[in-house]
Structures are given as C-alpha cells and as structure tokens.
Amino acid sequence: GDSVNQTEGPVTVSEGALMTLNCTYQTTYSDFYLFWYVQHLNKAPQFLLKGSMTNRRPEHEGFQATLVQSDSSFHLQKRAVQASDSAVYYCALSDTVTQGCRGS
C-alpha cells in the first residue's frame, strides 16, 4: 500500500543552523502529491508546502522540499532556522485520484 516514513522524532536545532527533516514514501501511483505540515504547540497542523512530479522543489517562507523519485524521498530543509520553527513536522502522501461517495 501507500505509506510515508519519517526517520526522526522531535528535532532540536540551533538557531541559525540548517534543519533537514527526512521523509521517504511508497506509492503504487505514478501521479501523486507529497505534503509537509507543521504543528506548533497547542495549535492545529498547518499546511506548509506540496510537491509533485511536476513541482519537485516546492518552496514556502524559507522552507524547501525536494522530491527525488530515484530514492523515493521528499526531504524538507530550512536554512537559518529560528526559535519559532520549533514544532512537530508531518510528511503526508496523497494520490491525485479522488473518489466520490456513492449513495445507497
């Protein structure tokens, strides 16, 4: 089946350093989206960025992810992190096929 795997738990980085968060994925679909979400303490998760086969290097507010199909990775990086970047980060996967609900 489809899945994602994040290799680290909570990440501690020094202010001003480079942060790299690892995500690998498995999917049977050729057309799919990969997402990163960020969740700050006591807040709901927020969408950060989305990658696809047509957008392999999405960027948002200093964050950049890189989709590498050959090793099925979608790692997230941010240069010069700040204290406000302390959060939980989630990687997610979705195929582009959406199924409607069938009524009875």
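The exercises below work through a predicted model, from its overall fold to single residues. Because the model is predicted, local features need pLDDT of at least 70 and side-chain atom pairs count only at pLDDT 80 or more, while totals for chains, interfaces and linings use all residues. Residues are numbered from 1 along each chain as its sequence is written, and side-chain values use heavy atoms, with hydrogens and water left out.

**Exercise 1. Secondary structure and burial**

Task: State how many helices and strands the protein has, and what percentage of its residues is buried.

Solution: Begin with the DSSP runs, in which a helix (H or I) needs at least four residues and a strand (E) at least two, with numbering from the N terminus. Counting in this way gives zero helices and nine strands, and the pattern along the sequence is β-β-β-β-β-β-β-β-β. Next, apply the burial classes, where buried means under 20% relative accessible area, exposed over 50%, and partly exposed in between (1.4 Å probe, protein chains only). Of the 104 residues in the protein, 26% are buried.

**Exercise 2. An open sheet**

Task: Find the order of the strands in the three-stranded open sheet, and identify its edge strands.

Solution: Two strands pair if DSSP finds at least two bridges between them. The order that results is β5-β4-β9, with antiparallel pairing. The edges are β5 and β9, since each of them pairs on one side only. From one strand to the next, the twist averages 20°, where axes are lines fitted to C-alpha atoms (for helices over the stretch in contact) and angles run from 0 to 180 degrees between N-to-C directions. Looking at one pair in detail, β4 and β5 run antiparallel and are joined by six bridges, and Leu34 stands opposite Gly51 in β5.

**Exercise 3. The largest nonpolar core**

Task: Describe the largest nonpolar core, and decide which strand gives the largest share of it.

Solution: A nonpolar core is a set of buried Ala, Val, Leu, Ile, Met, Phe, Trp, Tyr and Cys residues joined through side-chain atoms within 4.5 Å. The largest such core has 19 residues, and those with the most contacts inside it are Trp36, Leu48, Leu49, Phe74, Leu76 and Tyr89. Several strands each supply at least two residues of this core, among them β5 (46–52), β8 (73–78) and β9 (88–95). The largest share, four residues, comes from β4. In soluble globular proteins, nonpolar side chains tend to be buried together.

**Exercise 4. The surroundings of Asp85**

Task: Locate Asp85, and determine which residue it meets in a salt bridge.

Solution: Asp85 lies in the loop between β8 and β9. A salt bridge requires a side-chain nitrogen of Lys or Arg within 4 Å of a carboxyl oxygen of Asp or Glu, and by this rule the count is one. The side chains that meet are those of Asp85 and Lys78, at 3.0 Å from N to O. Asp85 is buried, because its relative accessible area is 10%, and Lys78 is likewise buried, at 9%. A polar atom of the Asp85 side chain also lies 2.8 Å from the backbone nitrogen of Gln82. Finally, using contact in the sense of heavy atoms within 4.5 Å, and leaving aside neighbours within four places in sequence, Asp85 is in contact with Phe63 and Lys78.

Notes: A polar contact is a pair of N or O atoms within 3.5 Å; within protein, one must be able to donate a hydrogen and the other to accept it, and residues adjacent in sequence count only if both atoms are side-chain atoms.
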